[in-house]
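Subject: Handing over the structure

Hi there,

Here is the structure I promised to pass on. Have a look at it first, and then read on for my notes.

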Amino acid sequence: WRGREQAPYSTLVPSDEVTVNYRHGLPVITLMLPTRSERCQFTVKPVVTTVGAFLQDVQREDKGIERAEVFATDGSKVSDATLMEVLLMNDFKLVINNTAYSVSPPVKDKLSSEHATEMEDIKSLVHRLFVALNLEDHQIRKERELLQKLDHLKGELLPLEQMKAKIMDSADAKTSRLLWVGLALMSTQGGALAWLTWWVYSWDIMEPVTYFITYGSAMAFYAYFVLTKQDYIYPHAKDRQFLHYFYRKSKKQRFNVERYNKLKDDLAEVEESLRRLRQPLHLRLPIQEISDKD
């Protein structure tokens, strides 16, 4: 509503000259066209039609109307942007040229339950029609957007995937080389202990040596647990060493691991969205086709 503005009109016509009735759940405003001298009915959609649109319809119907405005009962002008649903909640004055018509809409709460039920049925039907007519276009448009985003993400990931493959090959080669070096050292240690036991010294001398070697190995494994909070299990130790080489090589090659992971997460999210969008229920396939796909 706008600020108060006194309505300059010369004649006030009784309310029966302009009537408001509800037909099929919609308000029908009946009024006398001044220059054509005939009564005309205007059916409005209260939830979407504004006061300005209604007044334009009245002026289009009668070209002799130079002025059409709506005022509240206290004299304040009603904004053209006000919905007709709001206007019809209270009495108002319709001014056409210099004539003011007093309008008293029927109270909406007093409408019959039959009309209210019919109005709800109409709203439900309109909603179903809108979904039926626009759902397929929305799905196609959404699928096109997701496919474009998918191609963009794959284009960004391609050079990163190639760089990652090279870094992984290098880290895997270093890890394998370290494992073979460990095997070679353990073999050398076993051979040296056997040589010292049978050819150089006796078992009485070598037994304490092997004990301290075993005790030193246990200390090394315990230190590994203290530092990593993990047991020394060979597959886990291998994976840990692989990641160590991988991140060190990534830093040298300026491979952004965080950006790569973010792109992979975005790619998985887009693929999941496409999968949900293409599900049979979303595509509205017949029941037989859905059963065949299952």
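Let me start with a question: which residue forms a salt bridge with Asp 80, and how far apart are the closest N and O atoms? The partner is Lys 77, and the closest N and O atoms are 4.0 Å apart. Please keep in mind that this is a predicted model, with every value computed from it. The two residues of this pair sit in unlike surroundings: Asp 80 is partly exposed, at a relative accessible area of 35%, whereas Lys 77 is buried, at 8%.

**Salt bridges in α6**

That pair belongs to a wider set, since a search of the whole structure turns up eight salt bridges. Helix α6 covers residues 257-277, and two of its pairs are worth a look.

In one pair, the side chains of Lys 262 and Asp 266 meet at 2.8 Å, N to O. These two residues are four apart in α6, so about one helical turn separates them. Lys 262 counts as partly exposed at 48% relative accessibility, while Asp 266 counts as buried at 18%; the cut-off for buried is under 20%.

In the other pair, Glu 272 forms a salt bridge with Arg 276, with 3.8 Å between the closest N and O atoms. Here too the residues are four apart in α6 and therefore separated by about one helical turn. Glu 272 is partly exposed, with a relative accessible area of 31%, and Arg 276 is also partly exposed, at 40% relative accessibility. Arg 275 comes in as well: salt bridges with shared partners join Glu 272, Arg 275 and Arg 276 into one network.

**The sheet and the helix across it**

If you turn to the strands, you will find an open sheet of three, in the order β2-β3-β4, with antiparallel pairing. Strands β2 (19-23) and β4 (38-43) are at the edges and have a single partner strand each, so one side of each has no neighbour in the sheet. From one strand to the next, the twist averages 30°.

The pairing of β3 (residues 26-33) with β4 is antiparallel and runs over six bridges. To get your bearings there, find Val 28, which stands opposite Thr 43 in β4. Helix α1 (residues 51-61) lies across β3 and β4, and runs at about 145° to β4.

**Two nonpolar cores**

As a reminder, nonpolar side chains tend to be buried together in soluble globular proteins. In this model, the largest nonpolar core has 25 residues, and those with the most contacts inside it are Leu 31, Phe 54, Val 70 and Leu 94. Two or more residues of this core come from each of β2, β3, β4, α1, β5 (68-72), α2 (84-87), β6 (92-96) and β7 (99-103). Helix α1 gives the largest share, with four residues.

What does Phe 54 touch, leaving out residues up to four places away in sequence? Its contacts are Ile 29, Leu 31, Phe 42, Val 44, Thr 49, Met 84 and Leu 94.

There is also a second, separate core, this one of 18 residues, which includes Tyr 245, Leu 263, Val 270 and Leu 277.

I hope this helps you find your way around. Do write back with any questions.

Best wishes

Terms used
Residues are numbered from 1 along each chain as its sequence is written. This is a predicted model: local features need pLDDT of at least 70, side-chain atom pairs count only at pLDDT 80 or more; totals for chains, interfaces and linings use all residues. Side-chain values use heavy atoms; hydrogens and water are left out. Two strands pair if DSSP finds at least two bridges between them. Axes are lines fitted to C-alpha atoms, for helices over the stretch in contact, and angles run from 0 to 180 degrees between N-to-C directions. Contact means heavy atoms within 4.5 Å. A nonpolar core is a set of buried Ala, Val, Leu, Ile, Met, Phe, Trp, Tyr and Cys residues joined through side-chain atoms within 4.5 Å. Buried means under 20% relative accessible area, exposed over 50%, partly exposed in between (1.4 Å probe, protein chains only).
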